[in-house]
Amino acid sequence: MSGLYLPADGGRRLPPLVSPQIEISDDFEAVQRLYVERGWSDGLPVAPPTPQRVEAMLAATNLDSDHVVAEIPPIWGAATVEKLAINAVMAGCLPEYLPVLIAAVEAIADPVFNLYAIQATTHPCAPLLIINGPIREALGMNYSSGSFGPGWRANATIGRAMRLVLLNVGGGYPGVGDMSTQGAPSKFSYCVAENEEENPWEPLHVERGFRPDQSAVTVMAGEPPHNINDHSGRSADDILTIVAGAISVTGANNAYTGGETLLALGPEHAATISGDGLSKKDVVEWLHQRALIPLERYTHDTLMERMQRIPDGPIPMIRTLDDLVVIVLGGPGKHSSWIPTFGGNTKSVTKEIIWSGG
């Protein structure tokens, strides 16, 4: 493998792979059994990361294979580009997906994201990846009907690769490094692309300072999506009244510690709200004022434990105007979703994706 010539990368020579290698018979079940026994799997079948597959994956980036993108807690494993490529292969990624994973790992390593706590908490949060920009189309990502769900290789395998990195590099194993009480299906894969084409406002990455022709990934420590069904609303006030009721719940971390949450509006809801002249900021302001939790929904002990006092009035679910992120996601239908987060101990992070088409 030393000095292997990779013509797919314009003649660039990659250094030898440095990760330990093992030999095993070319048998599908034997490979799966080995990976499960050694704790290298998320429980689903993996693609064997042969040297040839890993080298093909590495050819998709100009970064050195031994470059450390981040150190992943709780065991602070060094997430080198090579290790990211190995886990991307295992997840079923195509090589062109690797730049998204690299940028996403850079994002979760930002101290404000607070990855150590997210990995170790009993809360069921998982890093949600939100992809923006031209790379969505280039990779064939789904941002329309079923965008949180199955059926699209890029969405599914990029999200899964992130989870494998958290497991294999960071040591976030259930019951050991990851102490989530019940876990969540989003801990298998959690990756979406914003529906910019049907977004009446600026897409998320532009709102955060990037150009429309740049590609970016935003990471947020979210619970699984909570559906918001409103088929009767004919105005912004109608729809946002239902949204306010749906997100004003006592069980979410945000009800106690504040922090960002995510409102993923379906295109039909977004069109109605925008059609009444509301901007994203107006939506946040509306919900800041009206998404309130009555004190009678709490117990006295809960209020004292979580807030150390009895508040004077109802608890706002959106405590500040920076505490709600709004995107447009999905296809036809009068549904939206709300994603509570780990709470005030984390903040979403957006990073540019460096790729050949960008």
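Contact here means heavy atoms within 4.5 Å. With that in hand, welcome to a set of close-ups of a predicted model.

**View 1. G77 and the residues it touches.** Our starting point, G77, belongs to strand β2. Leaving aside residues up to four places away in sequence, G77 touches A70, E71, I72 and V169. The relative accessible area of G77 is 14%; buried means under 20%, so G77 counts as buried. For a sense of distance, look also for G140, which is 63 residues from G77 along the chain. The C-alpha atoms of G77 and G140 are separated by 31 Å.

**View 2. The largest pocket and its lining.** Rolling a probe the size of a water molecule over the atoms shows where empty space is left. In this model, the largest pocket holds about 940 Å³ of space. Its lining is made up of 32 residues, and those nearest the centre of the pocket are P20, Q21, I22, Y35 and P49. The elements that give two or more residues to this lining are α1 (28-37), α2 (51-58), β2 (77-80) and α3 (81-91). Of the elements, α3 supplies the largest share, with 5 residues. What is the chemical make-up of the lining, in nonpolar, polar and charged residues? There are 18 nonpolar residues, alongside 7 polar and 7 charged ones.

**View 3. The buried face of helix α2.** Stay with α2 for a moment and pick out V54, E55, M57 and L58, which are buried. Viewed down the helix axis, the buried residues of α2 fall within an arc of 160°, so they line one face of the helix. A little helix geometry is handy here: an α-helix has 3.6 residues a turn, so residues three or four places apart point the same way. Among the elements covering the buried residues of α2 are α3 and α4 (98-108).

**View 4. Strand β3 between two partners.** Strand β3 spans residues 126-132, and 7 of its 7 residues are buried. Which strand pairs with β3 in the antiparallel sense? That partner is β5 (residues 216-222), joined to β3 over 7 bridges. To find the register, look for I130, whose bridge partner in β5 is T218. Strand β4 (residues 191-193) pairs with β3 in the parallel sense, over 3 bridges. Here I131 stands opposite A193 of β4.

**View 5. S147 in its loop.** The loop between α6 (135-138) and α7 (153-168) carries S147. Is S147 buried or exposed? Its relative accessibility is 6%, so S147 counts as buried. Setting aside residues up to four places away in sequence, S147 touches N142, N155, C191, V192, L329 and G330. Two of these neighbours, C191 and V192, will be familiar from the previous view, as β4 covers residues 191-193.

**View 6. Strand β7, covered on both faces.** In a regular strand the side chains alternate between the two faces of the sheet. For β7 (residues 261-265), 5 of its 5 residues are buried. On one side sit T261, L263 and L265, and on the other L262 and A264, all of them buried. Strand β10 (residues 324-328) pairs with β7 in the parallel sense over 5 bridges, and V326 of β10 stands opposite L263. Strand β11 (residues 335-339) runs antiparallel to β7 and is joined to it by 3 bridges. On that edge, look for A264 opposite S337 of β11.

Conventions
Residues are numbered from 1 along each chain as its sequence is written. This is a predicted model: local features need pLDDT of at least 70, side-chain atom pairs count only at pLDDT 80 or more; totals for chains, interfaces and linings use all residues. Side-chain values use heavy atoms; hydrogens and water are left out. On a 1 Å grid over the protein atoms alone, a cavity is a set of points where a 1.4 Å probe fits but cannot get out, and a pocket is an open set with protein on both sides within 12 Å along at least five of seven lines; lining residues have an atom within 4 Å of a point. Grid points are joined across faces, edges and corners, and a volume is the space filled by probe spheres set on the points. Helices (H or I, at least four residues) and strands (E, at least two) are DSSP runs, numbered from the N terminus. Ala, Val, Leu, Ile, Met, Phe, Trp, Tyr, Cys and Pro count as nonpolar, Asp, Glu, Lys and Arg as charged, and the others, Gly among them, as polar. Buried means under 20% relative accessible area, exposed over 50%, partly exposed in between (1.4 Å probe, protein chains only). Two strands pair if DSSP finds at least two bridges between them. The arc is that of the directions from the helix axis to the C-beta atoms.
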